[in-house]
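I opened this model to look up its empty spaces, its ligand and a few backbone oddities. My entries follow in the order I made them.

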Amino acid sequence: MQKLVITGEKKINGEISVHGAKNAALPLLAACVLTNGIVTMQNCPKLSDVYASCRILTCLGCKCQRFGDTVKIDTTGISKHEVPEDLMREMRSSIVFLGAILGRMGKCRLSFPGGCELGPRPIDMHISALKQMGAEIVEEHGLLDCSVGKGLHGAKIMLSFPSVGATENIMMAAVLAKGDTIIQNVAREPEITDLANFLNMCGARITGAGGSTICISGVKELHGCDYSVMPDRIVAATYLGAAAITGGEIRLNNARPSDLEAVLPVFEEMGCRIYSYSDNIYLSCHKPLKAVKTIRTMPYPGFPTDAQSILLAVLSKAHGTSVIVENIFENRYRQVDELVRMGCDIKTEGKVAVVEGVKKLYGANVISTDLRGGIALVLAALAAEGETVVENIKLIDRGYDKIETSLSQLGANIKRISM
Ligand code: UD1
């Protein structure tokens with residue numbers, strides 16, 4: 001077991017490149033199952049969830065090799081349609097393999113993803129849409145047994161909520177299905193557009209990604225391609241948060257300002273100066289932070305739930321009272337008790353968190369509760385007086401490639417130790 005040991009009150013200053021997006025890489029790796037050939041995926045982050053996806057691909061009969069930031073996937077040997085339960089448990093978002101395996105193999109068997117750190121993670125929308133496309137799905141003893149008989153067919157699907165995972169699963173099931181699929185009220189996240197761009201490069205016919213309706217005309221076969229994963233907008237927000245909470249100055253390379261249109265104004269409202277151009281974002285924070293008006297998490301282009309935990313930590317040091325309303329996941333304030341141990345003044349009730357800014361934070365022994373909640377503890381520790389020990393950091397490793405190396409490069413006093 002490993003921990004992060006952080007001695008705070010060091011300003012985060014400097015320049016850093018943002019790695020590829022976890023939430024884009026995972027569906028892209030799943031989508032490789034639909035191709036017949038070789039995919040060369042560049043800018044693929046070195047994260048435990050990405051390694052878990054590669055293990056699933058290998059289990060299905062693909063060959064995966066990593067060369068630095070590039071992963072090469074040869075899908076010509078795919079022969080299996082089952083994802084073992086231990087791999088499903090390792091990564092809850094492995095459900096995104098369902099549409100891809102079903103689309104390619106005509107059958108799929110995997111275990112129900114169940115609950116996770118963020119609370120229950122239902123997949124009712126995924127299942128109901130796949131059924132509309134001709135899939136037969138039997139749920140028994142935590143297992144999902146899916147088959148398509150004569151094959152999947154196009155359908156007109158209206159999502160009751162713009163779920164990211166459901167949109168991805170339906171897109172993947174539809175690319176090789178017979179006929180046209182129209183999906184309405186889809187998720188508009190940039191990672192959806194990345195998936196559509198990748199599939200189109202492999203020969204799919206998808207239009208409308210980034211908007212509310214996606215149309216997919218089924219094709220017979222997909223081939224491999226060379227693709228570069230989009231930059232991680234939540235990692236970018238994390239570095240900005242680290243600079244803001246420590247009163248530092250940072251320049252991000254390989255970051256897309258357009259993906260952060262709901263987030264950057266919040267930093268400006270706190271009193272940070274931001275300049276952005278092409279794929280760079282510059283933030284400086286030389287004045288005490290100010291509280292902001294209510295932040296409400298929403299599906300994209302609204303304020304992202306994944307950046308909420310980061311802002312919650314940063315606002316703990318802002319002068320005044322800020323209010324956050326979490327509308328996407330019900331269990332997204334679990335790190336608050338740990339933040340309070342560090343001196344934060346945060347009260348939560350249901351979806352709402354009220355953050356009373358404090359002058360000082362103090363180092364403490366704390367435990368990560370989920371990926372973004374864990375990084376929130378690291379941000380608070382960067383600004384805290386004394387030493388903080390963050391445990392359960394395997395959750396942080398799911399989304400950040402060697403966070404201690406990146407933050408050390410920016411001036412933090414942080415090290416990883418094995419217990
Ligand atoms: C993805 C992201 C996650 C992000 C979230 C919202 C990945 C790997 N994960 O998760 O980091 O926080 O989008 O931006 O990309 N829901 C249902 N039924 C369903 C599907 C979803 O009720 O069939 C609910 C969920 O419980 C949740 C909400 O819809 O309350 C949003 O979930 P969804 O957009 O599907 O998130 P994920 O794809 O799981």
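Entry 1, the largest pocket. I asked where the largest pocket lies. Domain 1 (2–18 + 231–418) and domain 2 (22–228) both give residues to its lining, so the pocket lies between them. I kept in mind that this is a predicted model. I noted a volume of about 1200 Å³ for the largest pocket. Its lining has 46 residues, and the closest to the centre are Arg121, Val164, Gly165, Ile328 and Phe329.

I then sorted that lining by helix. At least two residues each come from α1 (22–31), α5 (124–132), α6 (164–175), α8 (233–246), α10 (305–315) and α12 (371–383). The largest share is that of α1, with 4 residues. By character, I found 22 nonpolar, 8 polar and 16 charged residues in the lining of the largest pocket.

Entry 2, the ligand. Which residues come nearest to the ligand? I listed 18 residues around the ligand, and Asp124, Ser163, Gly165, Asp306 and Ile328 come nearest. Next I looked up polar contacts. In the side chain of aspartate 306, an N or O atom is 2.6 Å from an oxygen atom of the ligand. Two backbone entries went below it. A polar backbone atom of valine 164 is 2.8 Å from a ligand oxygen. For proline 122, a polar backbone atom is 3.4 Å from an oxygen of the ligand. I also marked two residues that recur: Val164 and Gly165 are among the residues closest to the centre of the largest pocket.

Entry 3, the cavity. Rolling a probe the size of a water molecule over the atoms shows where empty space is left. I counted 1 cavity of 30 Å³ or more. The largest cavity has a volume of about 40 Å³. I wrote down its lining: Arg233, Ser258, Asp259, Glu261, Ala262, Tyr300, Pro301, Gly302 and Pro304. They divide into 4 nonpolar, 2 polar and 3 charged residues.

Entry 4, a cis bond. Tyr300 and Pro301 are both in that cavity lining, and I checked the peptide bond joining them. The bond is cis, with omega about 10 degrees. Proline 301 sits in the loop between β19 (295–296) and α10.

Entry 5, positive phi. Most residues other than glycine have a negative phi, and most peptide bonds are trans. I looked for exceptions and wrote down two residues.

Asparagine 43 is not a glycine, yet its phi is positive, about 55 degrees. I placed asparagine 43 in the loop between β3 (38–42) and α2 (48–60). Is asparagine 43 buried or exposed? Its relative accessible area is 18%. The cut-off for buried is under 20%, so asparagine 43 is buried.

Lysine 402 also has a positive phi, about 45 degrees, without being a glycine. I found lysine 402 in the loop between α13 (394–397) and α14 (403–409). Its relative accessible area is 46%, so I logged lysine 402 as partly exposed.

Entry 6, serine 217. I located serine 217 in strand β14 (residues 213–217). Its relative accessibility is 19%, so serine 217 counts as buried. What does its side chain contact? The side chain of serine 217 makes a polar contact with the side chain of aspartate 180, at 3.0 Å.

Terms used. Residues numbered from 1 in each chain as written. Predicted model: local features only at pLDDT ≥ 70, side-chain atom pairs only at ≥ 80, totals over all residues. Heavy atoms only, no water. 1 Å grid on protein atoms, 1.4 Å probe; cavity = no way out; pocket = protein on both sides within 12 Å on 5 of 7 lines; lining within 4 Å. Points joined across faces, edges and corners; volume = space filled by probe spheres on them. Nonpolar A, V, L, I, M, F, W, Y, C, P; charged D, E, K, R; others polar. Domains from an automatic or database assignment. Buried < 20%, exposed > 50% of the residue type's maximum accessible area, 1.4 Å probe, protein only. Near = heavy atom within 4 Å. Polar contact = N/O pair within 3.5 Å; in protein donor to acceptor, adjacent residues only side chain to side chain.
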